[in-house]
Amino acid sequence: MDDQKRIDELKEQMALAQIDGDELLHRYRVYSRIDEEAGLASIQERIATATDTEESPCTEAQLSTQRAARSSRSPSMLWRAAAVVVLLMVGGAFWYHHDYTKVTPPVVSEEIETAMRQSRESGRQAAEVVSIGAQHTAAITQEERTLYHVDNDFAEQLAEARRITTYQNKEYWVTLDDGTLVHLNDNSRLIYPEQFGDRRDVILDGEAYFMVAKDKSRQFVVHTPQGDVRVHGTEFMVNTRDGSKNDNANATGHLSVVLVKGSIGFTPNNGREQMLTPGQQLSVVNSQLSINEVDTTPYVAWNEGKFLFQAWPLERVMEVLSRWYGVEVSFASDELRTKQLDGYFSRYDGIDYILESIEAVLNVTITKNQHSISINK
């Protein structure tokens, strides 16, 4: 087979997405070796020609013959060099395409796996899960489409979707189609397509910790009433509640986004995108946006099934415990509310151990009934 036919055959076989990496490397090595051998033969021939020329001068006819020979070799060498260049270009494009479209699920630590198991065993892992397509139920209403600024493309993806709703003192871990892991807190709701297409969009009401799969070709977008959180691959916490004891999953005036790893951007309604770096918290309160530095340790601890209180007022600590364990809390005096506590507790060990620790550390007396707790000196 001559060089032209070899190149033609190569062109016919070069479908970018269909060339196997090992085969591509093999072809490159073969053609590289062909070119090296031809180059070596050419050098040896030229050395021999030069030696012959020094020993016996060439006639004009001989020189013409040598030029013709070199000329006849040039197209062959060019085709071989072109084959190598084309292969290199195809190889580079192939590996770029492979890397660009590669989806890398998040790494789930042993601590998170333990928390997921303990949540199931303790009965905390519970939610109402509704399959939209299977029950022919509308994923979202027209009012919700406006609230979460859902465009037609996203709405089409939601034709087959799931809606997960957690209730008081419950939580839920769910793995999405791309491998993204979402830890949904109590009284929260997540709506997401069964399968992602050329985009990855979800809707959140309430609070959730996201461990997003890395995918350079598709952004991951969390739609909230206050705006959109856009990421590629990262870990972050989103909370649409107002932070008070009586808040609910449908509050529209508050948003908190805490970035743990990676890089995200938040685009408020009718505003420009604001970028966050790890260790920053973005807050929206009544349309007023602010960004502050925070310690992300408590957020990571929560995702790992822990309560981490760092110089927290006792009132704030008891609000968290009240929500999680479903009890009402009362204080005998305002002074008791401001006592500060440092503590690190498992969310699945029960409240009694935590209350005993608070009594010992803060020197207070705690009386617990079935659904109420009173704190005294």
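# Exercises on a predicted model

The side chains of Arg145 and Asn152 are joined by a polar contact of 2.8 Å. The model is predicted, and the exercises below start from this contact.

**Exercise 1.** Describe the setting of Arg145: where does this residue lie, and is Arg145 buried, exposed or partly exposed?

*Solution.* Step one is to place the residue: Arg145 belongs to helix α6, which covers residues 142–147. Step two is the accessibility. Arg145 has a relative accessibility of 22%; buried requires a value under 20% and exposed one over 50%, so Arg145 is partly exposed. Step three is the surroundings. Neighbours within four places in sequence aside, Arg145 touches Ile140, Val150, Asp151, Asn152 and Ala155. Of these, Ala155 is 10 residues from Arg145 in sequence, and their C-alpha atoms are 8.1 Å apart.

**Exercise 2.** Find which residues of helix α4 are buried and what they pack against.

*Solution.* Begin with the helix itself. α4 spans residues 110–121, 12 residues in total, and its first and last C-alpha atoms are 16 Å apart, close to the expected 16 Å. Next, list the buried residues: Ile112, Ala115, Met116 and Ser119. They cover an arc of only 100 degrees around the axis, so they are on the same side of α4. The spacing follows a general rule: an α-helix has 3.6 residues a turn, so residues three or four places apart point the same way. The buried residues of α4 pack against strands β4 (172–175), β5 (181–184) and β8 (207–211), and against helix α8 (297–303). On the other side of α4, Glu110 and Glu121 are exposed. Last, look past the helix: Gly123 follows α4 and has a positive phi, near 80 degrees.

**Exercise 3.** State where Asp215 lies and which side chains it contacts through polar contacts.

*Solution.* Asp215 is in strand β9, residues 214–215. Its relative accessible area is 2%, so Asp215 is buried. The side chain of Asp215 has a polar contact of 2.7 Å with the side chain of Ser217, and another of 2.7 Å with that of Arg218.

**Exercise 4.** Identify the helix that gives the most to the largest nonpolar core.

*Solution.* The largest nonpolar core holds 36 residues, and those with the most contacts inside it are Val317, Met318, Leu321, Ile358, Ile373 and Ile375. Helix α9 (residues 314–325) gives the most to this core, 6 residues. Apart from this core lies another, of 27 residues, including Val182, Leu184, Leu204 and Phe236. To see one core residue in detail, take Ile373: beyond four places in sequence, its contacts include Met318, Val327, Ile351, Leu355 and Ile366.

How values were computed
Residues numbered from 1 in each chain as written. Predicted model: local features only at pLDDT ≥ 70, side-chain atom pairs only at ≥ 80, totals over all residues. Heavy atoms only, no water. Helix = DSSP H or I, 4+ residues; strand = E, 2+ residues; numbered from the N terminus. Buried < 20%, exposed > 50% of the residue type's maximum accessible area, 1.4 Å probe, protein only. Polar contact = N/O pair within 3.5 Å; in protein donor to acceptor, adjacent residues only side chain to side chain. Expected span 1.5 Å × (residues − 1). Arc of directions from axis to C-beta. Contact = heavy atoms within 4.5 Å. Core = buried A, V, L, I, M, F, W, Y, C linked by side-chain atoms within 4.5 Å.
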